[in-house]
Amino acid sequence: MKKDIKINQVKGVQIAAIYEKHPEYHTDDWNIYLINTLDHAIETILIVSEGKDEKVKTSVFRRSLKVLPAKSYVKIELIQPELLQIDNLFSVSFFEANDFMHKNFILRKNSAQPSKIKKLPVINKKGVLAE
């Protein structure tokens with residue numbers, strides 16, 4: 001039955017780490033965002049994330065969203081600075097029209113640094129895109 005499931009290549013959906021000031025606590029934090037650059041919504045979204053390296057493995061974090069409109073974004077999670085020292089994996093599955101889509105993203109250790117920040121699509125902020 002697994003062979004009958006067709007998984008299409010994902011284009012136009014990205015995971016980004018964005019360095020921003022927290023409005024209430026006035027701290028500088030790294031937050032993870034899901035960005036939809038497509039001209040249409042994506043639906044029934046499941047995001048599974050975890051951090052790991054040779055010695056450390058974090059808990060698995062799961063989040064679901066019903067819909068992410070076209071040309072929009074959503075904050076997924078705050079990421080603690082010490083977790084940026086390990087690889088962070090994001091497994092994103094969703095439906096685009098009636099097609100099942102899936103992609104694994106990785107935010108490599110030490111890749112989220114203020115010196116590597118660039119302007120991101122759709123969102124009016126700067127950050128680092130996951131691979």
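These exercises, with worked solutions, concern a predicted model.

**Exercise 1. The open sheet**

Give the strand order of the open sheet of five strands, then find its edges.

Solution.
- Start with the order. The strands run E5-E2-E1-E9-E8, and the pairing is antiparallel.
- Next, look for strands that pair on one side only. These are E5 (72-79) and E8 (118-119), the edge strands.
- Now take the E8 edge. E8 pairs with E9 (residues 126-129) in the antiparallel sense, over two bridges.
- Finally, name a bridge. Lys 118 has Gly 127 in E9 as its bridge partner.

**Exercise 2. Glu 20**

Decide whether Glu 20 is buried or exposed, and list the polar contacts of its side chain with Tyr 33 and Lys 125.

Solution.
- Place the residue. Glu 20 sits in strand E1 (residues 13-21).
- Apply the cut-off. Glu 20 has a relative accessible area of 14%, and buried means under 20%. Glu 20 is therefore buried.
- Turn to the side chain. Its polar contact with the side chain of Tyr 33 is 2.7 Å. Another polar contact, of 2.6 Å, joins it to the side chain of Lys 125.
- Widen the view. Leaving out residues up to four places away in sequence, Glu 20 touches Thr 27, Asp 28, Asp 29, Asn 31, Tyr 33, Lys 75 and Lys 125.

**Exercise 3. The nonpolar cores**

Identify the residues of the largest nonpolar core that touch the most other members, and the elements that give it two or more residues.

Solution.
- Begin with the members. The largest nonpolar core has 26 residues; Ile 15, Ile 32, Leu 34, Ile 45, Val 92, Phe 94 and Leu 107 touch the most other members.
- Map the contributors. Two or more residues come from each of E1, E2 (28-36), E3 (42-52), E4 (61-68), E5, E6 (87-96) and E7 (99-107).
- Check for another core. One of six residues lies apart from it, including Ala 16, Tyr 33, Leu 120 and Ile 123.
- Zoom in on Val 92. Beyond four places in sequence, its contacts include Ile 15, Leu 34, Ile 45 and Phe 105.

**Exercise 4. An aromatic pair**

Classify the aromatic pair of Tyr 19 and Trp 30, and compare the accessibility of each residue.

Solution.
- Count the pairs. There are three aromatic pairs.
- Read the geometry. Tyr 19 and Trp 30 lie 4.9 Å centre to centre, with 45° between the planes, so the pair is tilted.
- Locate the partners. Tyr 19 is in E1 and Trp 30 in E2, eleven residues apart; the pair links distant parts of the chain.
- Assign exposure. Tyr 19 is partly exposed at 33% relative accessibility, whereas Trp 30 is buried at 7%.

Conventions: Residues are numbered from 1 along each chain as its sequence is written. This is a predicted model: local features need pLDDT of at least 70, side-chain atom pairs count only at pLDDT 80 or more; totals for chains, interfaces and linings use all residues. Side-chain values use heavy atoms; hydrogens and water are left out. Two strands pair if DSSP finds at least two bridges between them. Helices (H or I, at least four residues) and strands (E, at least two) are DSSP runs, numbered from the N terminus. Buried means under 20% relative accessible area, exposed over 50%, partly exposed in between (1.4 Å probe, protein chains only). A polar contact is a pair of N or O atoms within 3.5 Å; within protein, one must be able to donate a hydrogen and the other to accept it, and residues adjacent in sequence count only if both atoms are side-chain atoms. Contact means heavy atoms within 4.5 Å. A nonpolar core is a set of buried Ala, Val, Leu, Ile, Met, Phe, Trp, Tyr and Cys residues joined through side-chain atoms within 4.5 Å. Rings of Phe, Tyr and Trp (its six-membered ring) pair if their centres lie within 6.5 Å; planes under 30 degrees apart count as stacked, over 60 as edge-to-face and the rest as tilted.
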